[in-house]
Every structure is written in structure tokens, then in C-alpha cells.
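Biologist: I am new to this structure. Please take one part of it and walk me through that part closely.

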Amino acid sequence: MNAATASITNVEAVRATLHDAMAADDRVLIIGEDVGARGNVFLITKGFLEEFGAQRVIDAPLAEASIVGVAVGMAMQGLRPIAEIQFADFIYPAFNQIVGEAAKTRYRSNGDYTCPLVIRTPYGGGVRGALSHSVSIEALFYHVPGLTILAPSTPRDIKGLLTAAIESDDPVLFLEHKKTYRSVRGEVPDGHFTIPIGKADIKKPGTQVTVVSYGYNVHQALDAAQRLEDENVSVEVIDLRSIRPMDKTAILTSVRKTRKLLIVHEDNKFGGIGAEIAAMVAEEALFDLDAPIRRLCGPDVPAMGYALPLEEAFMISTERMQNAMRDLARF
Amino acid sequence: MAKTVTARAATLDRGGLSDEQLVAMFRNMLLQRQLDNRGFQLNRQGKIPFALGSEGHEGLQAGTAMAFARGSDILVPYYRDLGLVLGVGIAPLELLTNMFARAADLSGGRQFPNHYTGRARGIASVSSIIAAHCTHAAGIAYALKYRNETGRAVLCTTGEGSTSQGEWHEAVNFSAIHRLPVVFLVENNGYAISTPQSMQMAVDDVADKAPGYGIPGMICDGTDPVATYRTMKIAMDRARSGGGPTLVEAKCYRFLSHSTDDDDRTYRDRELIAEQRKDDPVPKFERVLIDAGILDDAAIAALRADVLRETNEATDAAEALPLPQADAMYENVYEGPYEPWLE
């Protein structure tokens, strides 16, 4: 077992993990907008330029397609680049490089080339980010074989999975929910530490309802589940952590126990991650269920508005989660 | 192999190349044309679903291959580079195995014809997405520079239509900022499928774009292998010695339709092609070698026969190879077994 350090925030966990990876392996380098002297807009790479040099901490031109495309080339040539998209909303110009190139490099060369690349990006709303600093992008990419998509929610999981992502020989899209950056704290193990990609984590055990979620929503679900303990409603909260691949065993084991499933994600419902989970459970465990599968998701509108009522109505409140859990438990 | 004789003509512009190298370039051009036509023939015979043509690009590709250092330089090609990949070490049998989509193909029968890969020989894997490989070339060149592997260069090829893509601009710009060891060779054949150069850009010369990036731009006659070799040698040596990127425009003409699925009669006159045939690189270079006394008619006939024999043997051998097993589709999706739902 690794010893645990003092409690740190999610953003500090990202920073510490990147720092350790840079210090441990000179094949690792960072390319992104404002990652150098500015130290990234969230100060994640502050001081990296001085410590690791401009060759390894590259202030990219303002052009996302080439941030990923150049990193794909570096990866093909044996480096382990970490490409940063400043906000997930800016990832669209790089869509082809991620979907058409990185995800298919190993496949189209039949293993002749690999693409050990991590694309990190802050996503999600609730931070007054308006249309273009609030988006959730996971559903646009989780359809794509060849990609791995991670969205951990705690400092420990960030360290374990970001390290695993950097050490992976395949491209990983690593999603960091902005609202958890400074609001979530936790302990992380000291030293080298990885979590296997594709394993969910039961953040709270329970018996009456299974909640499957990821990112910021996990923390709200935990709050809601805790409050429901006072009402003698027992909720199990599963943090997916990994969106592609996804942990079938963890979901089915829990659902077969509680016989009720609530899926929660901030991303809009139509064609979202929850649709795939619901389909899988329906295929594998329909007759183990005592209630229809329920999804609590963001609204089907193009984006999150800037005005507070627009943002609040988009984000799923803890109260709504609590109500949904209670309704399902009583079904 | 054809026997060569020592050159006598004092007027020959040989670019510092020996007789053997000049003949090797010519043989490469003959082989490229033979294989190119073989692809179209096999398609018309119903034996392969698709082929791409490089006819008209033989001169510049033979000259460029001569400027490429095998075992050291890295080629990031596009799909009209048949002669170039031949020139840097891919065998005709491998190209035909790719055309026939056999299991032994370098991509396992996954890729379209002329979509190459070959890590051991310094050839990057490419897709059909125009200019998506250009940023890869910049990243590969960055890795060479990062590791202080001086003396190595990256060669990234495109057609002129690719220069309309944002990613082409991004790749050249990034390479220029970091003075990367890379050469961007634009094989300007005048057409992107049917769209003429005049609808891609408002300049006559692609090389005119270079000053906007702060790098040198060079133009060469892409129908002339020696002229292309001279230009590419300067550009590749500049990259290898830390002088940064160069944009080279080799002007040529595409004689065939874009592919076996294209019909160029819908967008260009036959007279136009006939006019361009006067500059066909293959007979033009053949005349140069005869005039220089390097090859005679008998030697050329022997070369052509040898190239046809090699192409026929490779065709038969490739056709006889087995197709991939359907289950092979699940291989090499990720490092381990492919399973989106983990149990």
C-alpha cells in the first residue's frame, strides 16, 4: 500500500501527476496553449517551463488541430506527449486528429505504429462559463473504437488514472471537470501509483438503488445519497471513472443487488453515455430489475447559457438527484 | 539489370549523380508507370476494387527518392507517391499485396491502395484525410530535434490542393516556429480530383506561400528527375543541418484520372492532356539518357522488359496470397484485446 499524503484538490492532483510524469520520463512532454510562462490558465503547469525547459513545455500556436496533430506525430516517433486543449469546448478543430488519426493509427498500420498520446482537457459547467466554456464532450468521442476516455472525479483517481493514461500505448482523452478542480479535496497515495483503466469504483455502498455517474455529478450523488440515509433510503453510488472502456461487471453486480438503476450525467440525455449503459443493462439484466431504468441528464439544448438561471437550470441540482433516488427507491 | 555505359556527353546536367544513379532513377520511373498502369488494368479486369494513379509524377518522385537517405530520413507521404515509396524501399510485391488487399499487406488488408506504412523503413502510416499527415510530419520532426538526432530529416509530401487545408498551414507554421528538420514537398499536378489550381488559390506558385511562414520556398520542374533531385538535395540538406524547413513546389501534370472511380473527361479536354504529354517525364528522361550516351535503345528495351517481368511476377505472387481472415478485424484496435465493455 502507498502511504497517503496530505489532502489536495483535483487541480493540484493533475499538476502533481503531470510533474511526476515529467520528472520520471523525458519522453513525456506537454504541448498546449499558454502552458509555458503562464503555466496554463488554471496554473496546472506553473513552474514547469523553468524546471523542464521550453523543449518539453511547448506553448503551442493557437491552433487545436495541430496541438493534437503534432502530438500524434511525436507519439508515432516514440515520445509520450500530453496535448492540452485549454477548454473542452475548443476541441472541435482537433476532431479529425482525435477520431480520424489518433484512434486509427494502430489499426490502420496493423500495429506497425502506435499512438501513446494523452489529450487532457477541462470540461463541464456550473462555473459561469457560458456557451463555450461549459461543454461536456464525452458523448461525441465515446462512440469511437481506438480511443480511451477517462473522467475521474477525485484526486486519488486523477493521479492513478492520469499516470495510467500517460503509460498507456494508446490514445487517451482525459476529462477534468472544472467545477471539481478546487471544490473537491482528497488524499492521494505517495509515489508511483496507477489505477487500471476501465475499472469503476463504488464510492458509496448501498442496497436499494444503484446510481451510475462520473465527474462532478458523483459528488452531488454522494451528498444526495448521504441525506437519504436519514430517510432510511440506501443508495449505492458507482463512479465510472472510465467511460471507454466501461466496467460492465461493476454495473451489473450492483444492479442485480439493488434491482434499480439511476444514471446521472451533466451531458444531455439524447445519445449520451446513459443510453449505452441503459441498453447494456436492458440486454443483460432486464429481468433483474424492479423498476424502469431512469436517466437524469442535462437538457437537450445546444449549450449552457451565461445567465445564472440558464446555467442553474442546465446543471442537475443535488435536490433533483435526491428526489430521483427517493422516487426510484419507492417504486 | 540493364548494362550501363559511361557517359560522354559534356552537356548533361547530372546533378552530381553517377551513371548508375541516373539509370536507377529511370528504372524507378519505368517501374512506377508500369505498376501504376497495372493498378488500373487490374481494376478494369475486376480483380481489385480501386486504384490511384501517379502517372506524370515519375520524374519528381524518382529525383526526390534519390535525395532521401534510407535508414535515416523519414517519409510522411500522401497517396500519390507510388514512385517515391518504391524509391525509398517498398518492393513492387508489397504494393501489389496492398492493391489486392491480401493478409500479408503491411496494413493487413485494411488500407486503400497507395496508403502506405513501414516503420522499419521510415515510412509513416497515412490516412486519406487531406493534409492530416502534415502535422504528424511536424511532430516527427520535433521528436528528431528533441533527441538531437541531427543529420536526419522528415519529408512530407502533398498535392497542391492540400495547401488549402488549415492543417497544412498549421504544420508549416509550427515547423517554421521551431525550425524543424522537415521539407514540405508539394507535388503540383494542377488538379485536386477535378478542381483546378486556380480554384484552390489565387497565386500561380505554391512556393509563394513560403515567405509568409519565414521559410525558403523553391520551385523545380517536376517532370525532370535531376532538377528535382538538385532542389530536394538542397532542401533536405538544409533540414538535416539545422537550417529548418523548406517548402518545395515540384510542378508536374496528372495524366490519369484521380482514381479508377473518377472520369476526367467530365472536367478536362483531351487536347489539354495531349499538349501536356509533350512534357511526359518518362520519354523525356529516356531521351536525356540516350543523348548523353548513358543508355542505348537496346539497354532501354532490356530495362522495360525487366520492369514488366518484375511487375508480372509480383502481380502473380500477390494475387496468389490469401485474403485476411474476418476475425483479424479485431486485432490492433488497442494494445490488448478489444472490448468496450470490461468484465
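Biologist: To set the scene, how many helices and strands are there in chain B? Then take me to strand β2 of chain B and its place in the sheet.

Modeller: A caution to start: this is a predicted model. Chain B holds ten helices and eight strands. Its C-alpha atoms fill a box of roughly 75 × 50 × 40 Å along the principal axes. The radius of gyration is 20 Å, which agrees with the value near 20 Å for a compact globule of 343 residues. Buried residues account for 51% of those 343 residues. Take contacts in chain B between residues at least 6 apart in sequence: 77% of them join residues at least 24 apart.

Now the sheet. Five strands of chain B make up an open sheet, in the order β1-β2-β3-β7-β6. Their pairing is parallel. The edges belong to β1 (74-76) and β6 (217-221) of chain B. Each has a single partner strand, so one side of each lacks a neighbour in the sheet. From one strand to the next, the twist averages 20°.

β2 of chain B sits between β1 and β3 in that order. Look at the β1 side. β1(B) and β2(B) run parallel and are joined by three bridges. One residue pair to find there is B:Leu75, whose bridge partner in β2(B) is B:Leu155.

Turn to the other neighbour. β2 (residues 154-159) and β3 (residues 182-188) of chain B pair in the parallel sense, over six bridges. B:Leu155 appears here again, standing opposite B:Val183 in β3(B). How does the chain get from β2(B) to β3(B)? It crosses through helix α6 (residues 166-177) of chain B, and this β-α-β crossover is right-handed. Further along the pairing, B:Thr157 stands opposite B:Leu185 in β3(B).

Next, the side chains. In a regular strand they alternate between the two faces of the sheet. β2(B) can be read that way: B:Val154, B:Cys156 and B:Thr158 point one way. B:Leu155, B:Thr157 and B:Gly159 point the other way. Are these residues buried or exposed? All are buried, whichever way they point. That is six of the six residues in β2(B), and the strand is mostly covered.

To put the part together: β2(B) has three bridges to β1(B) and six to β3(B). B:Leu155 has a partner in β1(B), namely B:Leu75, and B:Val183 opposite in β3(B).

Technical notes. Residues numbered from 1 in each chain as written. Chains lettered and ligands numbered in written order. Predicted model: local features only at pLDDT ≥ 70, side-chain atom pairs only at ≥ 80, totals over all residues. Pairing = 2+ DSSP bridges. Helix = DSSP H or I, 4+ residues; strand = E, 2+ residues; numbered from the N terminus. Axes fitted to C-alpha atoms, helices over the stretch in contact; angles between N-to-C directions. Buried ≥ 20, exposed ≤ 12 C-beta atoms within 10 Å, placed from the backbone. Right-handed = clockwise from strand over helix to strand, strands pointing away. Rg over C-alpha atoms; globule rule 2.2 N^0.38 Å. Contact = placed C-beta atoms within 7 Å.
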